Protein chains: 2
Amino acid sequence: MKRERLEEVAEILDKRGKMTLEQLEEAFPDVSQMTLRRDLSQLEEDGRIIRIRGGAMSVKEVQKVSGEAYTKKTTINMDAKIVIAQKAATLIDEGTSIFIDGGTTAMYLSKEMPDIKCNIFTNGIAVAMELAQKKNVEITVVGGQLMKDNLSTSSPAAKEYFDNTNFEIAIVSALAFTPEHGFSCNSQTESDLLKQVFKKARHVYMMLDSSKIGKINPYTFAHLEDIDVLITDDVFPREYKALFEQNDIVVM
Amino acid sequence: MKRERLEEVAEILDKRGKMTLEQLEEAFPDVSQMTLRRDLSQLEEDGRIIRIRGGAMSVKEVQKVSGEAYTKKTTINMDAKIVIAQKAATLIDEGTSIFIDGGTTAMYLSKEMPDIKCNIFTNGIAVAMELAQKKNVEITVVGGQLMKDNLSTSSPAAKEYFDNTNFEIAIVSALAFTPEHGFSCNSQTESDLLKQVFKKARHVYMMLDSSKIGKINPYTFAHLEDIDVLITDDVFPREYKALFEQNDIVVM
DNA sequence: ATCTCCTTTGTTTAAAATTAACATTTGCAG
DNA sequence: CTGCAAATGTTAATTTTAAACAAAGGAGAT
């Protein structure tokens with residue numbers, strides 16, 4: 001009972017890097033806060049985690065935080081993104097061929113993903129590194145120039161790149177969405193890449209947390225008719241939900 | 001005033017590993033607790049320390065504390081590799097176009113590299129992530145299937161990939177070398193990739209620590225005549241050094 | 001110099017998190 | 001079943017933190 005929970009706590013912390021006590025309580029609804037505190041104490045003694053004010057973080061995360069110039073971006077609407085990523089993770093079936101983009105939501109998705117046999121294509125190198133830990137996942141990285149802000153690559157040669165490639169699903173996210181401008185991002189070449197991906201993908205899943213709504217970015221890469229499923233959080237406005245459903249999009 | 005104090009706080013924390021706020025107050029008697037708190041906040045944002053309840057600790061300390069629990073790999077001949085990487089780093093000039101492979105030595109190289117304006121092409125995603133921290137370095141990642149053991153990509157499409165690309169220098173390392181079999185690695189596609197790179201590179205630098213000598217791996221990608229400079233450690237056997245020099249290779 | 005604006009620092013106070021202490025439950029050997 | 005010990009829950013006290021505001025410097029402009 002205790003032993004297992006300790007393992008689970010350590011695992012989830014390894015996955016998410018950093019969690020508040022509140023988040024831990026949500027993850028373990030049937031034990032008290034005090035118990036979780038005691039668990040953290042013990043894990044700390046074992047050197048598996050570091051306890052920080054408000055919660056705890058994994059050792060890996062410490063190294064990451066100190067290693068990179070810590071981008072604040074990772075924490076904007078993080079909870080919503082994790083929920084969305086978890087949902088998306090359940091949609092991945094064994095043996096499928098999938099494209100995943102290089103955004104932060106995709107990063108969470110790759111952490112939450114089950115370790116099943118499948119082929120993943122991605123343009124995010126952080127995503128690729130994360131997935132490399134999964135034994136059964138075949139990974140292919142899309143080459144190209146690296147954008148340092150989001151660690152994703154894109155290349156004008158994307159077209160040829162995907163000539164002989166097909167995806168069952170493409171799971172992507174956008175930086176912005178409005179009904180008029182569709183889904184947009186901030187890089188021309190990334191936009192081109194995604195358009196190319198959509199052509200070769202049987203289904204397109206869009207992960208969109210509600211903070212993106214009403215915003216506009218310079219490059220539109222998809223409109224409502226291009227996507228099949230929308231995965232979002234629970235504060236997603238009702239009128240938008242209706243709008244998506246009118247366009248035959250499944251909203252989760 | 002503030003700047004210096006921040007430095008001092010970071011230093012003393014690095015030294016002592018872990019301090020409570022009380023201890024910090026003793027160390028800095030002429031500022032208020034709140035100021036120290038604010039300093040810690042800032043250092044935390046910069047990724048230099050980790051704030052814990054009651055005080056703070058240095059990143060080093062975290063690693064030490066957790067060191068026992070976490071297995072450290074990539075230590076095979078690490079010292080030699082670092083020395084080689086440092087040497088190689090000095091050979092990179094501003095404004096050049098360079099290919100770097102995805103091996104562990106290349107990883108150290110990317111850490112040691114100066115942050116100068118240049119174009120780096122690599123097939124190592126760990127290398128790419130490391131380089132992403134350098135503001136002035138333009139990075140292009142070679143796409144392809146990801147090999148999980150060394151986090152490098154390679155693709156049969158390498159040929160087309162490099163059609164319009166040229167390198168001033170290619171800095172690569174091999175997994176094995178013998179005079180008869182040349183430089184070899186353990187992946188067919190990576191071998192192809194490197195051969196392609198050599199065609200487009202003006203100079204080829206080989207980083208080879210002495211542990212690689214006398215070993216054979218399945219795929220030879222270069223012979224003595226293909227390389228221009230050899231960067232190695234100081235226990236490199238004399239007879240091999242002579243051999244290289246006979247082939248007009250500069251040995252460092 | 002004097003003034004203004006902005007940053008830094010200090011102080012007080014409210015909020016939050018943590019621990020301690022004690023009560024309750026659970027599992028299990030005898 | 002009984003009693004003990006480990007695990008967990010609950011509450012209250014303690015400690016730590018952050019927020020808000022006030023004061024003190026510091027740099028540049030006039």
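The exercises below deal with how the two protein chains meet the two DNA strands in a predicted model.

Residues are numbered from 1 along each chain as its sequence is written, and chains are lettered from A and ligands numbered from 1 in the order in which they are written. In this predicted model local features need pLDDT of at least 70, side-chain atom pairs count only at pLDDT 80 or more, and totals for chains, interfaces and linings use all residues, while side-chain values use heavy atoms, with hydrogens and water left out.

**Exercise 1. Describe the protein surface near DNA strand C.**

Step 1. Count the residues that are near, meaning that one of their heavy atoms lies within 4 Å of the strand. For DNA strand C there are 15, and the closest are A:Arg37, B:Arg5, B:Ser32, B:Thr35 and B:Arg38. Of the atoms of this strand within 4 Å of the protein, 67% belong to sugar and phosphate.

Step 2. Sort the residues by class. Ala, Val, Leu, Ile, Met, Phe, Trp, Tyr, Cys and Pro count as nonpolar, Asp, Glu, Lys and Arg as charged, and the others, Gly among them, as polar. The surface near DNA strand C then has eight charged, four nonpolar and three polar residues.

Step 3. Look for polar contacts, here pairs of N or O atoms within 3.5 Å. A polar side-chain atom of B:Arg5 is 2.8 Å from a phosphate oxygen of DNA strand C. B:Ser32 uses a polar backbone atom, also with a phosphate oxygen at 2.8 Å. For the side chain of A:Arg51, the distance from an N or O atom to a phosphate oxygen is 3.2 Å.

Step 4. Assign the surface to helices (DSSP runs of H or I, at least four residues) and strands (runs of E, at least two), numbered from the N terminus. H3(B) gives the largest share, three residues.

**Exercise 2. Which atoms of DNA strand D do A:Ser32, A:Thr35 and A:Arg38 contact?**

Step 1. Place the three residues. They are among the nearest of the 16 residues around DNA strand D, together with B:Arg37 and B:Gly54.

Step 2. Take the phosphate contacts. A backbone N or O atom of A:Ser32 lies 2.6 Å from a phosphate oxygen, and a side-chain N or O atom of A:Thr35 lies 2.5 Å from a phosphate oxygen.

Step 3. Take the base contact. An N or O atom in the side chain of A:Arg38 is 2.6 Å from a base nitrogen of DNA strand D.

Step 4. Name the main contributor. H3(A) supplies the largest share of the surface near DNA strand D, three residues.

Key:
Polar contact = N/O pair within 3.5 Å; in protein donor to acceptor, adjacent residues only side chain to side chain.
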